[in-house]
Amino acid sequence: MKMNRSIMSMRSGVCRRHVTTAQFLLAISRSAKVMIIVLTGASVFGCTSDISRKALPEAEVVHAHALVAPSRTDPTIRIWGDEKPKWFEELIGAPPSALKRRFPGIFGRPHAYLALSGGGQNGAYGAGLLNGWTAAGNRPEFTMVTGISTGSLIAPFAFLGPDYDDELTEVYTKYSTKDLVKKRPFLSILAAASAADTAPLRRVIARYVDADMIAKIAAEHRQGRRLFIGMTNLDAGRPVLWDIGAIANSSDPGAADLIHDVLLASAAIPGAFPPVLINVKADGETFDELHVDGGTTTQVFLYPAGIDWRKVTSKLKVPGRPDVYVIRNASLNPVYDPVKPGLIPIAGRSISALIRTQGVGDMYRIYLGAKRDGLDYHLALIPDEFDVKSEEPFDANYMRQLYKVGYEHGKSGRNWLSAPPGFE
């Protein structure tokens, strides 16, 4: 995909090191003038879309369930990310013998949890860190892995461990924008739900998250390990956490397609990428829900705040203090850059600041939850010294260089912070 470099390099006030959602929209739309026309046209034409749907009524939200049939041992394959799930009370009330049968691979053993944030092409940092960690020889087997946006694409590889390091490296060093998205013709954007088509990205997801990988995820799930992917239910305006292992463990023939849809939806940047429709059933009738990037509601997550995780680890007889590893695929500090007084630069800078500060808040939230629940916290993020410029939304050269930085961090093991900045 040929990008308009004058747009990508303009001093709009958006962080120059990392292509943001706003920059992506600008790049796809060719120029600020075109973007304004697109926005105006959408208003004039009544915000029409190329997506037809049968939306789930609000009254049926509490009754709706995904069409993929859960197994008898996994009655729930998704939960709201902002409330305490029903399974928590069920787990707390279960006898130890039942929990040992249900979680044989993690019961009575040390726990380590990994939370992977969003960040687009900056996911190359997390990919490199994990592979460098393998080279260091002390990378743990993660009891639970969570992912948002680009973190959701890393998560299945991280969950299955070093055997998938080569594939993870390939995903974040081989592909560029033209391999992952297809720019829509200008006039079609006016009647579309997004500026780009992500059919190529879905094919890449399906190529790597194949039947063999899904079977291995299911096997680990039966041992008690968990893989959660976060997205945003746009109709409800709430985060949703999908249990990928439970879906993989289902015998439903639609399980693989649902997993691919969940991964794609978690990375569906609103406006830039099309939202993903997921069919659900309620009261014997089929409806659909509209899902977008998990980063719309949170940049990184571990578990809902309403869960007392100390009770979970106590019931599972976990020895010692579990470790929480948070990989933030972004740098912490903003870049000072005077903003031109125009609609697009102001909007772009505002979105960039919102995403950055939301990510900071999420790091603090996980840290405070870890301290409350008796977990040891470890944080890695892109160093401010990394100042390579990206020329497009998924710049292979940029990602290869960032991958190397992450690899060195993982191999050295010296860049983990024991608390977010300001809490040391």
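Is Ser149 buried or exposed? Ser149 is buried, at 8% relative accessible area. The legends below start from this residue and move on through other close-ups of the predicted model.

**View 1. Ser149, a residue with positive phi in a loop.** Look for Ser149 in the loop that joins β4 (144-148) to α7 (150-160). Its phi is near 55°, a positive value, and the residue is not a glycine. Ser149 counts as buried because its relative accessible area, 8%, is under the 20% cut-off.

**View 2. Asp283, another non-glycine residue with positive phi.** Here the loop runs between β9 (276-282) and β10 (285-293), and Asp283 sits in it. Asp283 has a positive phi of about 55°. With a relative accessibility of 68%, Asp283 counts as exposed, whereas Ser149 in the previous view is buried.

**View 3. Helix α6 packed with helix α17.** Residues 123-136 form α6 and residues 396-412 form α17. The two helices pack at an angle of about 35°, and their axes are 6 Å apart. Their crossing is right-handed. On the α6 side, the contact is made by Ala124, Tyr125, Ala127, Gly128, Leu129, Asn131, Gly132, Trp133, Ala135 and Ala136. On the α17 side, Met399, Leu402, Tyr403, Val405, Gly406, Tyr407, His409, Gly410 and Lys411 take part. Sorted by type, the residues of this contact are twelve nonpolar, six polar and one charged.

**View 4. Gly406, a glycine of α17.** This close-up stays with the α6 and α17 contact, to which Gly406 belongs. Gly406 has 0% relative accessibility and so counts as buried. Setting aside neighbours within four places in sequence, Gly406 is in contact with Tyr125, Gly128 and Leu129. Those three partners are listed among the α6 residues of the helix contact. Ala380 can be found too: its C-alpha atom is 9.1 Å from that of Gly406, and the two residues are 26 apart along the chain.

**View 5. Helix α12 and its buried face.** Helix α12 covers residues 211-222, twelve residues in all. At 1.5 Å a residue α12 should span 16 Å, and its end C-alpha atoms are 17 Å apart, so the two values agree. Which residues of α12 are buried? They are Met213, Ile214, Ile217, Ala218 and His221. Seen down the helix axis, the buried residues of α12 fall within an arc of 140°, and therefore they line one face. They pack against α7, α11 (199-208), β7 (226-233), β8 (238-243), α13 (244-248) and α14 (255-266).

**View 6. Gly224 after α12, with Arg101.** Gly224 follows α12 and has a positive phi, near 110°. Arg101 belongs to helix α5 (residues 96-102). The two residues are 123 apart in sequence, yet 9.2 Å separates them in space, C-alpha to C-alpha. Arg101 counts as exposed, at 63% relative accessibility.

**View 7. Helix α14, mostly covered.** One of the elements that the buried residues of α12 pack against is α14. From first C-alpha to last, α14 reaches 17 Å, close to the 16 Å expected for its twelve residues at 1.5 Å a residue. How many residues of α14 are buried? Ten of the twelve are, and they include Leu258, Ile259, Val262, Leu263 and Leu264 as well as His260 and Asp261.

**View 8. Helix α16 and the glycine that follows.** Helix α16 takes in 31 residues, 343-373. Its expected span at 1.5 Å a residue is 45 Å, and its end C-alpha atoms are 45 Å apart, which agrees. Gly374 comes after α16, with a positive phi near 75°.

**View 9. Glu83 and its partners from elsewhere in the sequence.** Glu83 lies in the loop between β2 (78-80) and α4 (86-93). Not counting residues up to four places away in sequence, Glu83 touches Arg238 and Pro304. Ala305 is 222 residues from Glu83 in sequence, and their C-alpha atoms are 7.4 Å apart. At 38% relative accessible area, Glu83 is partly exposed.

**View 10. The whole chain, for orientation.** Step back, and the protein chain has 17 helices and twelve strands. Of its 424 residues, 55% count as buried. Among contacts between residues at least 6 apart in sequence, 80% join residues at least 24 apart.

Note on methods:
Residues numbered from 1 in each chain as written. Predicted model: local features only at pLDDT ≥ 70, side-chain atom pairs only at ≥ 80, totals over all residues. Heavy atoms only, no water. Axes fitted to C-alpha atoms, helices over the stretch in contact; angles between N-to-C directions. Helix = DSSP H or I, 4+ residues; strand = E, 2+ residues; numbered from the N terminus. Left-handed = near helix turned anticlockwise from the far one by under 90°. Contact = heavy atoms within 4.5 Å. Nonpolar A, V, L, I, M, F, W, Y, C, P; charged D, E, K, R; others polar. Buried < 20%, exposed > 50% of the residue type's maximum accessible area, 1.4 Å probe, protein only. Expected span 1.5 Å × (residues − 1). Arc of directions from axis to C-beta.
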